Each structure stands twice: as structure tokens, then as C-alpha cells.
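User: Hi! I am new to reading protein models and would like to learn how the labels are earned. Could you take me through this one?

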Amino acid sequence: MKRLIHWFLALAILGIVGFFVLTSPLTWSLIHPKRDVADNAAPNIQNGRTIFIASDCATCHATPNQNDHLKLGGGRALDTNFGRFYMPNISPDKQDGIGNWTLAQFTKAVREGVGPNGIMPDGQNLYPAFPYTSYQHLTANDVRDLFAYINTLQPVSGRAPNHELKFPFNLRRGVGVWRLFFLDGKPLSPEKVPAAYKNEAALFERGHYLVESAGHCAECHSTRNFMGVIKSGFRYGGGPTPDGKGHFPNISQDETGIDFWAVNSIINYLKTGKSPINKIAGGDMAEVIQNTKQLSNEDLRAIAIYLKSIPGVDLPAPGQPEPNRTPNLVMLPQVNKIDVALPTSSTNKIEKANIVYAVNTKPFYLTENSSGDED
């Protein structure tokens, strides 16, 4: 009996040790190749600002309920199927932010998903709600410039609340297993320049870099599996919002996506938030537009050119019909109630106007009998 207990204790100890070794950031580092390091040149603050804007850092990390998007005190909540995440303070505050971090620590956090804090001396695994699966593709020089730019901003005191996650996701150490399986740690692989953009190869490559690294567009506009990993073949095809209550649109080159958008339409959308059919960006995308509109016209064109090269994913949004790819007339179900918000004038303006126009709208649709011959 004693021998059995000894064996049980030995196996338990071995299991605990194995768990900590498997989930250790050091284990991940040992089995992945070393990446580039920043050169000795002085940080380019302007470039750091560009990376900051393209990465939407303020969208997540700005302190809520205040108008200065450069106060990066954190605290914003992100509801997901795994629980609620609170965005941390990344201001230069030395106590509550990242003011005491070194460039090496910042680079490790951004590209490897490991922070310098935590109980264990090997670092703290960061949850992939922080999109380091995309940020891992940033060059070391760009990370250096980003770090330098953040350090020019105002320190903000205060820490975000602890995450409120379901079991077993609240076991942060376990994220180390996720990183072993789903974080490759590789730089961005070159993409073949499409023939249509052979004269703009440099712009295409810039767009590829911005979209797949700093912009992390796929992180939202893709369908994920139960482990939070983008499903193969569904990248950029759209998918549910993290809380499951909404839907991010398909931005691939498919009829169910943005295949009908021209390059200039994408540029205009990223500058104004207005789509080719005059829909205005809302929700999270409205906040993204506040960043993209600050990018240079050259960078916006680079992004647009790359987006036009993304393979199509046939994935209609919820409630959207599958495109009709036949020569036959397909009738959609009749919509009995159409709620369209029309522009109206205030009572004060009506009283002062010399001429008042009243507009009445009626729904218009075809029935199958009135549609005429196929020709």
C-alpha cells in the first residue's frame, strides 16, 4: 500500500513538473528559431506612430470614458465566449503601465505573447485576445519604434481589473500549451505579386505587411474554432464577434465579400467609413476608421491593393442569401415591413422655411408573375 502511495505521489509530482515545463515560455523559445533584433539606429518616432495607428493600439488600450485616445490606461472590457477580458494599461507609467519595461521585454510581449510579470520567473503567458499571432510578424525595428513612440505619451496611473474568465481558461499558465500549438513565431512569408499590380510591387508588399501584421485584419474578419484559432479556408471570410452577438463581414474577394469593391472604394472606406453602397461603418469598425484615416494615402493604397488579392471565401453573412450563379430568376422572400430612417427637419427649421417638401416612400418589388420572360 505504501509503495502504491509513493508511486501515486511520484506520478503527481511528475505531472505537475511536466505541466510547468510544457507551459513555460522558455520551452516555446527553445523550440523556435531566433528572430531579428533591432539595429543600433535611433528609434524613428514617426514610424512608431504609424505602427501604433495601424495596430489600433488606442482602440483597445485607451482609458474608457475620456476623449484623449492617447491616454493608454486600459480598462476596456472585451466580452467573449471564454469570459470577459480587460485591456491592460500600456502607458509609460512606471508602476501600473509599461514604463519599467525594456525593449527586449516589450518585443517578447508583442511577438511572442509573454509578459515580464507573473509569479514564475520565466514570464507570464499573455492571452491571445492580444493579437500577437499577427503582431509576431512585425519587424524588430518596427517594434522598437512603436515602443519608443508609446514612451513619448502621457503616463496614466491605475490598473485594469482582473480578467473574468471561465474555467479552465482562467488558468493563465495553460496558455503556454496554446502557444506551443498555434504560435509559429515566424516572420511574414513573401507573397507573389499579382500580375495586376506588378508595377506596384513595393506597395503590394507594404500592404501585405500592414494587413497581416500591424493591422491584424484577419483576427476579426475570420471564423474561429472552439480553441479560438482561425479555421483553415475561412481566413477573411467573416465570422461572429467575440461575444457571439454580432458578425464581422466577409472581406475576401468573393461575391459574399467585397469582390465588387474597387481599390479606390476600399481607400475611401478606410478614410471616411463610407462603403460603396453608402453604408457607414459602425461598432468596432467605426473605431478602426478613426485610426486608418490617419494613415498616409500611400499606406491606404497599399492596404487596398493587398486586400484585392485575398482569395475569395464563399461565406454569406447570417441572413444573407447565397449568390445566384444560375441564369434562372430566383425570387427572394417578400419583406413585409421595411424600416428605413429618412432624414427629417426639426420643427424650428420647418417654421422658418419658405418651402417645405414632404416625402412619402412606398416599398417596390417584383412578383414572379410580373417579372416577364427570362430574356
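User: What share of the 375 residues in the chain is made up of buried residues?

Analyst: Buried residues make up 38% of them. Keep in mind that this is a predicted model. The chain holds 14 helices and seven strands, and its accessible surface comes to about 23,100 Å², with 58% of that belonging to carbon and sulfur atoms.

User: Why is Asn291 called buried?

Analyst: Its relative accessible area is 5%, and the word is used for anything under 20%. Since 5% falls under that cut-off, Asn291 counts as buried. Asn291 sits in helix H12, residues 283–292. Leaving out residues up to four places away in sequence, Asn291 touches Ile53, Asp56 and Thr59.

User: And what makes Phe226 exposed?

Analyst: Here the relative accessibility is 70%, and exposed means over 50%. The value passes the cut-off, so Phe226 earns the label. You will find Phe226 in the loop between helix H10 (217–220) and strand E6 (239–240). Phe226 also belongs to a nonpolar surface patch with Phe181, Phe182 and Met227, and together these residues have about 470 Å² of accessible area.

User: How do you know that Arg159 and Asp96 form a salt bridge?

Analyst: Look at the closest N and O atoms: they are 3.1 Å apart. The limit is 4 Å between a side-chain nitrogen of Lys or Arg and a carboxyl oxygen of Asp or Glu. An Arg and an Asp at 3.1 Å fit that rule. The pair links distant parts of the chain, with their positions 63 residues apart: Arg159 is in the loop between helix H7 (140–150) and strand E5 (164–165), and Asp96 is in the loop between strand E2 (83–86) and helix H5 (103–112).

User: Which of the labels buried or exposed goes to Arg159, and which to Asp96?

Analyst: Arg159 has a relative accessible area of 63%, which is over 50%, so Arg159 is exposed. Asp96 is at 17%, which is under 20%, so Asp96 is buried.

User: What makes the contact of Arg301 with Glu200 a salt bridge?

Analyst: Their side chains meet at 2.8 Å, N to O, and that is within the 4 Å limit. Arg301 lies in helix H13 (residues 297–307) and Glu200 in the loop between helix H8 (175–182) and helix H9 (201–214), so the pair ties together parts 101 residues apart in sequence. Arg301 is partly exposed at 27%, and Glu200 is partly exposed at 22%.

User: Why is Asp36 called partly exposed?

Analyst: Asp36 has 36% relative accessibility. The label covers what lies between the 20% and 50% cut-offs, so Asp36 fits. Asp36 also meets Arg35 in a salt bridge, at 3.8 Å from N to O.

User: How many salt bridges are there in the whole structure?

Analyst: A search finds 16. Some are joined up: Glu255, Asp314, Glu322 and Arg325 are linked in a network of salt bridges.

User: Where in the chain is confidence lowest, and where is it highest?

Analyst: Confidence is lowest in helix H1 (residues 2–22), with a mean of 69, and highest in H7, at 97. For the chain, the mean pLDDT is 86, and 87% of its residues reach 70 or more. Where pLDDT is low, the predicted coordinates should not be read in detail.

Note on methods
Residues numbered from 1 in each chain as written. Predicted model: local features only at pLDDT ≥ 70, side-chain atom pairs only at ≥ 80, totals over all residues. Heavy atoms only, no water. Helix = DSSP H or I, 4+ residues; strand = E, 2+ residues; numbered from the N terminus. Buried < 20%, exposed > 50% of the residue type's maximum accessible area, 1.4 Å probe, protein only. Contact = heavy atoms within 4.5 Å. Patch = residues over 30% accessible without salt bridge, like charges linked within 9 Å, V, L, I, M, F, W, Y side chains within 5 Å. Areas by Shrake-Rupley, 256 points an atom, 1.4 Å probe, with all protein chains shown as cover. pLDDT = per-residue confidence, 0-100.
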